[in-house]
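Trainee: I've just loaded this one up and I'd like to go through its packing with you. Can I fire questions at you as we go?

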Amino acid sequence: MTLFHPAPEQFQVENVLTALGNPTRLEVVRKLAADCEQGHPCGALMTNVAKSTLTHHWRVLREAGVIRQEPAGREILIKLRRQEMDGRFPGLLDAVLAAAQPAPTADGAVTGGTAAAGETEVASAV
């Protein structure tokens, strides 16, 4: 089985942002970024998501150039393509990950960082 991995010059910013725009995929990238050098088995990153759903998420991330999947015996390891992503779009991955981090509020509670500021205002006004 040969998996398609685009070369860095084939990365398109709209595909990367689409891939990172999904909360499940963003969580995967966050976990991979925390331990960038080591590959992780596909099934070990998100144990509460169906395998068929994960397969879809891996494909979207892989075809955008965000991850690389490599066979390792009977498993497929996933690695974040951090250096290639930073070479093509300097600072993009760091900016998205930083913006998606939970932020403490004035009362000390932690809010999710994945919603846009406008969405929070609308939700609280309803």
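Trainee: Let's begin with helix 1. Which helices do its buried residues pack against?
Mentor: Helices here are DSSP runs of H or I with at least four residues, strands are E runs of at least two, and both are numbered from the N terminus. Packing goes by contact, meaning heavy atoms within 4.5 Å, and buried means under 20% relative accessible area (over 50% is exposed, in between is partly exposed; 1.4 Å probe, protein chains only). On that basis, the buried residues of helix 1 pack against helix 2, helix 4, helix 5 (82-88) and helix 6.

Trainee: Before we go on, what pLDDT do local features need in this model?
Mentor: Residues are numbered from 1 along each chain as its sequence is written, and side-chain values use heavy atoms, with hydrogens and water left out. This is a predicted model, where totals for chains, interfaces and linings use all residues, side-chain atom pairs count only at pLDDT 80 or more, and local features need at least 70.

Trainee: Back to helix 1. Within what arc do its buried residues fall?
Mentor: The buried ones in helix 1 are Val16, Ala19 and Leu20. They line one face of the helix, because seen down its axis they fall within an arc (of the directions from the helix axis to the C-beta atoms) of 95 degrees.

Trainee: And the nonpolar core: which element gives the largest share of it?
Mentor: A nonpolar core is a set of buried Ala, Val, Leu, Ile, Met, Phe, Trp, Tyr and Cys residues joined through side-chain atoms within 4.5 Å. The largest one has 28 residues, with Val29, Trp58, Leu61 and Val66 making the most contacts inside it. Two or more residues come from each of helix 1 (13-20), helix 2, helix 3 (42-45), helix 4, strand 3 and helix 6 (92-99). The largest share, five residues, comes from helix 4.

Trainee: Now the three-stranded sheet. Which strands stand at its edges?
Mentor: Strands count as paired if DSSP finds at least two bridges between them. The sheet is open, pairs antiparallel and has the order 1-3-2. One side of each edge strand lacks a neighbour in the sheet, because each has a single partner strand; these are strand 1 (40-41) and strand 2 (67-72).

Trainee: How many bridges join strand 2 to strand 3?
Mentor: Strand 3 (residues 75-80) is joined to strand 1 by two bridges, and one pair there is His40 with Ile78. On the strand 2 side, Pro71 has Ile76 as its bridge partner, and Ala72 stands opposite Glu75. Strand 2 and strand 3 run antiparallel, and the number of bridges joining them is six.

Trainee: What angle does helix 4 make with strand 2?
Mentor: For angles, axes are lines fitted to C-alpha atoms (for helices, over the stretch in contact), taken from 0 to 180 degrees between N-to-C directions. Helix 2 (residues 23-34) lies across strand 1, strand 2 and strand 3, at about 80 degrees to strand 3. Helix 4 (residues 51-64) packs on the sheet too, touching strand 2 and strand 3, and its angle with strand 2 is about 115 degrees.

Trainee: Gln69 caught my eye. Which side chain does its side chain join in a polar contact of 2.5 Å?
Mentor: Gln69 sits in strand 2 and counts as buried because its relative accessibility is 6%. Leaving aside neighbours within four places, its contacts include Leu3, His5 and Trp58. A polar contact is an N or O pair within 3.5 Å; within protein, one must be able to donate a hydrogen and the other to accept it, and residues adjacent in sequence count only if both atoms are side-chain atoms. At 2.5 Å, the side chain that Gln69 joins is that of Arg62.

Trainee: Is Thr24 buried, partly exposed or exposed?
Mentor: Thr24 is in helix 2 and touches Met46, Val49 and His57, not counting residues up to four places away. Its C-alpha is 7.9 Å from that of His57, 33 residues apart along the chain. With 23% relative accessibility, Thr24 counts as partly exposed.

Trainee: Last one: what separates the C-alpha atoms of Gly21 and Val96?
Mentor: Gly21 is in the loop between helix 1 and helix 2, and is exposed at 59% relative accessible area. Gly21 and Val96 are 75 residues apart along the chain, and their C-alpha atoms are separated by 9.2 Å.
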